[in-house]
Amino acid sequence: MAEIIFQSKLDAEKYYDHLLKYLPNINDKETILLIEDRYIVKIIGSFLSIEISSIVKHAFYEFITNIKRDDWFREILKNQYFYDDLEEQQQIIEIIYSILEGQREDLTVFLKDSNEETNIKAAIEYIFQDNISFSFDSFLKFRLRPYLQSLESYVEIAIDEYKLEQEYQIFVQMLREFLLKREPKIDLLHLLFDEEITFYNDQFVEMKRAELTRLIDRKLLVNHPVYVDSASIAPLLSIAPTTIFLYTKDPDEPLVRTIKNIFEERVTIKSFEALREVNKWVENQHSSENHA
């Protein structure tokens with residue numbers, strides 16, 4: 001017989017319900033008891049079959065790493081960083097999972113390779129090796145302290161990223177408002193993203209750096225010197241084109257996404273192949289003019 005003593009009725013119910021989902025038949029389910037008034041999940045029997053023992057341990061592992069992990073993230077956010085708002089908590093937790101799932105390689109490098117899965121499973125094997133009664137809270141404190149500390153590091157990294165994203169959204173909104181007040185100096189602008197950004201006017205004539213610099217509204221650089229790129233964002237906002245055709249090999253490049261976020265429906269992303277088609281059209285126009 002083994003029994004797990006939880007700190008709360010809710011945790012006991014969560015593990016009990018989670019475990020029942022994995023048991024293959026009714027007879028197996030009858031070996032598991034929930035003692036609600038004492039917050040205990042009891043596994044009856046002098047010994048468990050290998051199959052049932054494996055299920056109990058697997059369900060316990062998933063309870064820790066899936067079900068309770070979100071609870072602990074929220075507790076850390078609330079108690080250590082004072083994020084009480086549930087929506088803010090959820091946004092930060094989503095960032096954490098995007099890191100854990102490898103979607104943000106730039107942030108993954110800040111995480112220590114703690115070999116969590118192996119360590120947690122080893123701790124579970126140890127605690128279940130005898131027919132014993134144990135406290136879930138003590139198990140966490142003495143066996144899973146490194147795991148709980150790693151959760152704190154995930155939260156810390158995600159909060160930093162969340163703050164950066166909030167600042168970025170404020171920055172984008174501020175520039176959208178600046179753009180709304182601008183009269184377009186050119187209706188159509190072509191932007192080529194290669195090793196550097198090249199501007200072309202509506203006749204597909206390249207706009208040189210000196211010309212772009214003259215067009216920049218100095219208030220942009222004075223008021224927002226850190227955020228506004230004088231080679232791209234500043235001239236774009238100053239020209240305030242009605243339509244931007246942006247030619248790039250990588251639509252997910254950060255600067256491309258920023259321009260798209262600021263100018264929204266004014267921007268159309270195009271491929272390098274589309275740029276060749278425009279070049280052909282311009283050459284044909286020039287050829288026709290020369291023959292005339």
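1. Let's start with a loop residue: phenylalanine 82 is exposed, with a relative accessible area of 65%. Here exposed means over 50% relative accessible area, buried means under 20%, and partly exposed is in between, using a 1.4 Å probe and protein chains only. Phenylalanine 82 sits in the loop between helix 3 and helix 4. Its phi is positive, about 60°, although this residue is not a glycine.

2. A word on what you're looking at: this is a predicted model, where local features need pLDDT of at least 70, side-chain atom pairs count only at pLDDT 80 or more, and totals for chains, interfaces and linings use all residues. Residues are numbered from 1 along each chain as its sequence is written, and side-chain values use heavy atoms, with hydrogens and water left out.

3. Now the overall picture. The protein chain has 13 helices and nine strands; these are DSSP runs numbered from the N terminus, helices being H or I with at least four residues and strands being E with at least two. Of the 292 residues in the protein chain, 40% are buried. The chain exposes about 17,300 Å², and carbon and sulfur atoms supply 50% of that; accessible areas come from the Shrake-Rupley method with a 1.4 Å probe, and for residues only the protein chains shown count as cover.

4. How do distant parts of the sequence meet? Take the contacts in the protein chain with a separation of 6 or more: 66% of them join residues 24 or more positions apart. Contact means heavy atoms within 4.5 Å.

5. Back to the helices on either side of phenylalanine 82. The axes of helix 3 (residues 50-79) and helix 4 (residues 86-100) come within 10 Å and cross at roughly 125°. That makes helix 3 oblique to helix 4. Axes are lines fitted to C-alpha atoms, for helices over the stretch in contact, with angles running from 0 to 180 degrees between N-to-C directions. Angles under 35 degrees count as roughly parallel, over 145 as roughly antiparallel, 65 to 115 as roughly perpendicular, and the rest as oblique. Among the residues making the contact are Phe73 and Leu77 of helix 3, and Ile93 and Tyr97 of helix 4.

6. Strand 1 (residues 2-5) has two partners worth tracing. Four bridges join strand 1 to strand 3 (residues 40-43), and these run antiparallel; alanine 2 has isoleucine 43 as its bridge partner there. With strand 4 (residues 133-135), strand 1 pairs in the parallel sense over three bridges, and isoleucine 4 is matched with phenylalanine 134. Two strands pair if DSSP finds at least two bridges between them.

7. Next, look for an open sheet of five strands, in the order 7-6-5-8-9, with mixed pairing. Its edge strands are strand 7 (206-207) and strand 9 (267-270), each pairing on one side only. Strand 8 and strand 9 run parallel and are joined by four bridges, with phenylalanine 245 opposite threonine 268 in strand 9.

8. Is alanine 240 buried or exposed? Alanine 240 is buried, with a relative accessible area of 0%. This residue lies in the loop between helix 11 (233-239) and strand 8 (243-247). Its phi is positive, near 50°, in a residue other than glycine.

9. Last stop: glutamate 273, in helix 13 (residues 272-291). This glutamate 273 is partly exposed, at 46% relative accessibility. Glutamate 273 and lysine 249 are 24 residues apart in sequence and 9.6 Å apart in space, C-alpha to C-alpha.
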